Amino acid sequence: MGPLLPVLLSLLPILANAGKFTLQSPRIVITGSDASIIRNEPLSLASLPSPPLALEWSDTLKLTFQILEKDSGKGVQPHQTFLRFYDPQTDEEGIQPIRVSNSGKASFELSAARPPASIPPTANASSPLQVTLIIGSFEHSPMSQPLFELSLPPSLPAPQHPDEASFHKLPEIHHTFRPEPKTPYVIFSAIGTGLVIAPWVVLVGLWASIPHRLPHLFNPLILLFVGLLGSLEGLLFMYWVNLRLGEVLLYGAVLGGVTIAAGKSALSKVAQWRVGSA
């Protein structure tokens, strides 16, 4: 800030002596669809026109004026010239640039049927837009001049975008689940259990009615073979619980080879017993 202070101080005399703008012959003309003049009057820089300007759908507003340097009275072309449309009810505003000639003359036309996109939307005519002329230049003091109040026809609703519904709040999703399965009645479970066990009861009963002898049931070779068969069944059970197929095939190959060797030895031993008893 220190090095800039002398520069700013040196600009103060220039800013103090900067020229000022003024408007010459500002006028508004409102015409209808048949080019008939509805309203034609000059604008005063001291007060707003009364009643406020009002446009129908087929009307056109034309604003003309010339920008002069107040001291010399010469026409000047400022660097920036805008019309500000402000809606005090909704606090929305729109800025419309205006082209100014080298001599400072400018004109602006507004069709109520096709207003510029920069003008705020109007809900009703009870809240007119405040129109202000804003002029800026590097060589002159800026100017903000209220011109008039303008009532426009109500704006048409904006067309609905095909994807607009996707950006609105959707109704809450309610998931529908199947009811939990009910436990069957005890009687049905008992009947099913009885049907499963019945064949085994019959089989055991028939097997018990046949006379037989098992003198070598607890022989080490017989017990080893029966134990290995049980191990194969246990391996299948473990596959169902937490083993993978590759592990089952590996363990089954090893256990199967041992079971085959043990079964062959057990059968040979049984054959020897039968030959000896014969």
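**Close-up views of a five-stranded sheet**

**View 1. Strand E8 is mostly covered**. This is a predicted model. E8 runs over residues 129–136. Six of its eight residues are buried, and buried here means under 20% relative accessible area.

**View 2. Five strands make up an open sheet**. Read across the sheet, the order is E3-E9-E8-E5-E6. The pairing is mixed. Strands of a sheet pair through backbone hydrogen bonds, either parallel or antiparallel.

**View 3. Strands E3 and E6 stand at the edges of the sheet**. E3 covers residues 53–54, and E6 covers residues 92–97. Each has a single partner strand, so one side of each is left without a neighbour in the sheet.

**View 4. Strand E3 pairs with strand E9 in the parallel sense**. E9 spans residues 143–151. Two bridges link E3 and E9. Look for Leu-53: opposite it stands Leu-150 in E9.

**View 5. Strand E5 pairs with E8 in the antiparallel sense**. E5 spans residues 80–87. Seven bridges connect E5 and E8. Find Thr-81, then look across to E8: its bridge partner there is Ile-135.

**View 6. E8 also pairs with E9, in the antiparallel sense**. The pairing of E8 and E9 runs over seven bridges. Which residue in E9 is the bridge partner of Leu-133? It is Gln-145. Now follow the chain from one strand to the next. A hairpin of six residues joins E8 to E9.

Terms used: Residues numbered from 1 in each chain as written. Predicted model: local features only at pLDDT ≥ 70, side-chain atom pairs only at ≥ 80, totals over all residues. Heavy atoms only, no water. Pairing = 2+ DSSP bridges. Helix = DSSP H or I, 4+ residues; strand = E, 2+ residues; numbered from the N terminus. Buried < 20%, exposed > 50% of the residue type's maximum accessible area, 1.4 Å probe, protein only.
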